[in-house]
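Colleague: I have a structure open and I am new to this. Can you show me how to read it, feature by feature?

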Amino acid sequence: MELNFPQELKSGIEWNPSRERLIVVSNRLPFVLKRDESTGKLIRKSSAGGLVTAVAPVVVDCGGRWVGWTGDCSLSVDDEIPEASEEDTTPTAGLLKHQVVPVYLNQQQFNSYYNGCCNGTLWPLFHSMSDRAVYSSEYWQDYIQVNQLFADKTLEAMELSKKEGPDIVPLIWIHDYHLTLMPSILRQALSEKNSNALLGFFLHIPFPPWDIFRLLPWDDEILLGLLGCDMIGFHIEDYCINFMDCCHRRLGCRIDRKNLLVEYGNRLVKIAALPIGIPFDRFQRMAEEAPRLVKEKRQKIILGVDRLDYTKGLVHRLKAFERFLEKHPEHIEKVIFIQIAVPSRTDVKEYQELKEEMDQVIGRINGRFSTANWSPIRYIYGCVSQAELAAYYRDAFIAMVTPLRDGMNLVAKEFVACQIEEPGVLILSPFAGAGETMQEALLINPYKIDDVAELICSALEMPRDEREVRMKNLRRREKVNNVDAWAQAFLKTIRSTTSMDPESDSKKGSCLMSSAMDDYDEYLSKYVGNAEKLALLLDYDGTLAPLAPHPDLAILPNETRKILQRLSNCPDVYVSIISNRSVDNVKKMVGIENITYAGKNGLEILHPDGTKFVYPLPVEYEDKVRCLLRKLQEEVCHDGAWVEHKGLLLTYHYSETVMHLRTGLIKRARELIESAGLVCTTAYCALEAKPPSQWNKGQAALYILRTAFGVDWEERIRIVYAGDDFTDEAAIKALKGLAATFRVTSTLAVKTAADRRLANNDSVLRMLKWIESHMTKRKPRLTSRSSSSVLEAMDEVHQAPSSPSSA
């Protein structure tokens, strides 16, 4: 069914129908679904809000789709989404039902994901009110699950769009804190499907500074989730800087503050400050048409419009108004304070307590100052239509927008749009995003009760010419920077990210990917210093050498080999390679004498003097490993998968297996390994099986350091550890606080305890170059130990219970 809707609701954004489709993903659909009592069928009701007004016409214009929760836990896949009625002239009127992709949540999911994690944890934390945040692993697990549901539905919408044209590249626009994990889930799925899409995200609330954000137990997962995007938008630059700072300090990402870029893995993520606007003309028109609701012309109206929420500073505002009446009794019966509070989360105890406090404070103020003909506060607790709001905005002399913290706050902008008669005054908190751009407002810290009280008096007495100048400038800016301009700016910015490919000629030399030595000055210079000896502990596959489909193909680059050779000859540098290969194989692949090799994740250790150690594994596992090897070869070694035999260790490789066959093979291989009583760990396109043991790369690293430098090594040695997979995490954790640790990874799915992340082998090579440059500039010094003193060091630690025994 083709529907016509007003020309003013057209987006005005140009689209290439053979190439582009916009898919918007938000917590809720852009309309409300209600069931018709007479027919039992669902009907669509308009949903107010700037996002819907700006974005819905864009989705309609380009034939895109909108993914969102239905808003009703009782609905299921059996309930058909209706078309808009023929009388509907709202922005969603042209959105056909096949363009709507609903997400269905049950009551338990909604309570835990939405009320629990979104509003109980993320909302207060992102508003820098960490004392109100509740941290629940149960809520978090449901948050992950619901983000996965949204991702699945978005992939479904992408497939539908792809069917409309083979060259279509979907542009996916994800909204708000409910869906922070979605981008990385989508990115991973796109990678596995070898599919393309542009991923954008816009956060409608503040992003907190590092010292607040780090309190979240899952802070790294939020950051990694968002970094799945090509572009992330925030209201103001402060939020952009906060996000970039968190990426830098928590994940070790390289950032470009000037150009607002974050490097993650082998990708650049664009960060943009895009303050949202309002449908200015629509509010102005409503103000022109709205009837007058307040009859007391002789009384100046002070207006507050807020959702009943602890972030809005409602009690502080009321107390400031009370102080104003105390200090300026000449204004009694000359002003009236109208506070509109829209009910919110009424089933949450914290919000119930806030309402009770509001009632008590308002009752006290009205009781203190009311006269026979006047009450100072008119309190409206309930929902008010936009037409009524426009009337209140128009007639108000002062609008008080004084949140304790707010992402933007559109009330300030709506008030300005409706000021078409006597110019009023906007009192605004600097802790709202709007405070960054609406500088003609009277800015005031809402915590300063006395100062706010005095500012109310100043606003009431402000001369008309000053009010006119301030309001004229505010209106001019908000008319230009309306919600349509915001949507266009977002889409223009994300489209521009297609030219940010680090391999493109236009970005070479300027892109963050071309790492400068200065980065390692920041990372390592102070730690390594100019006096202590340096121990380099490095993984092989994926760290020094690129990962390859077969271990024999993972060749160490010649440049890396040469620099390792030179470092091994440096008197103040000790080099050790710790690999999951056999010790003989890793030595063969590296081909450098005079360094320490550890194989089988540290179970075998070969020192430069030829002394070899082997950690003793239970002999009884020999038969189990032999039996497991046979079963793996019989059941799961096909379609490119194979098993590498390393004595009591087995590695099941599946890198050459096509993607859609991997899941079943991996699942069965894991079952066989675990049923044999062996420990199964994950590596790059491989599963590793070994007998149960407390020995790992972490224990091996500590043992190597003790034998090379003595039991007091930590007092005299600086350590750098770099590795790329799950087994390296044991070493990274064991050396936490004792070494500078690096995890080599380009995937968003990886969590790490490392101090920093490196994108790839090239980054490791650059680090080695920096180390060589730094160490060779130092003056040679005499050392108390040499590589030939391993046996002496052994005598100091030979009784250590965790040490491996000699072969």
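Modeller: Start with the idea of a nonpolar core. A nonpolar core is a set of buried Ala, Val, Leu, Ile, Met, Phe, Trp, Tyr and Cys residues joined through side-chain atoms within 4.5 Å. Keep in mind that this is a predicted model.

Colleague: How many residues does the largest nonpolar core have, and which have the most contacts inside it?

Modeller: The largest one has 72 residues. Those with the most contacts inside this core are F150, F207, F243 and I271. Helix α2, residues 107-126, contributes most to this core, giving nine residues. Apart from this core lies another, of 70 residues. F31, L198, A272 and V411 are among its members.

Colleague: Take F150. What does F150 touch, beyond residues up to four places away in sequence?

Modeller: Read the contacts as a list of partners. For F150 they include V25, V67, W69, Y113, L179 and M182. S26, N27, G68 and V103 are also on the list.

Colleague: Now T560. Is T560 buried or exposed?

Modeller: Compare the relative accessibility with the cut-off. Buried means under 20%. T560 has 4%, so T560 counts as buried. This residue lies in helix α17, which covers residues 558-568. Setting aside neighbours within four places in sequence, T560 is in contact with L544, L765 and L768.

Colleague: How do I read a sheet?

Modeller: Look at how the strands pair. Strands of a sheet pair through backbone hydrogen bonds, either parallel or antiparallel. Here, one open sheet of four strands runs in the order β23-β24-β26-β25, with antiparallel pairing.

Colleague: Which are the edge strands?

Modeller: They are β23 (642-646) and β25 (679-683), and each pairs on one side only. From one strand to the next, the twist averages 20°. Now zoom in on one pair. β25 and β26 (residues 686-690) are joined in the antiparallel sense over five bridges. One bridge to find is that of A683, whose partner in β26 is A686.

Colleague: And the cysteines? How many disulfides does the structure hold?

Modeller: Check the distance between sulfurs. A disulfide needs two cysteine sulfur atoms within 2.5 Å. The structure holds zero disulfides. For C418, the nearest cysteine sulfur is that of C383, 18 Å away. C680 is in no disulfide either; the nearest cysteine sulfur, from C637, is 14 Å away.

Colleague: Why do C418 and C680 count as buried?

Modeller: Use the cut-off again: under 20%. C418 counts as buried because its relative accessibility is 0%. C680 is buried because its relative accessible area is 14%.

Key:
Residues numbered from 1 in each chain as written. Predicted model: local features only at pLDDT ≥ 70, side-chain atom pairs only at ≥ 80, totals over all residues. Heavy atoms only, no water. Helix = DSSP H or I, 4+ residues; strand = E, 2+ residues; numbered from the N terminus. Buried < 20%, exposed > 50% of the residue type's maximum accessible area, 1.4 Å probe, protein only. Contact = heavy atoms within 4.5 Å. Pairing = 2+ DSSP bridges. Axes fitted to C-alpha atoms, helices over the stretch in contact; angles between N-to-C directions.
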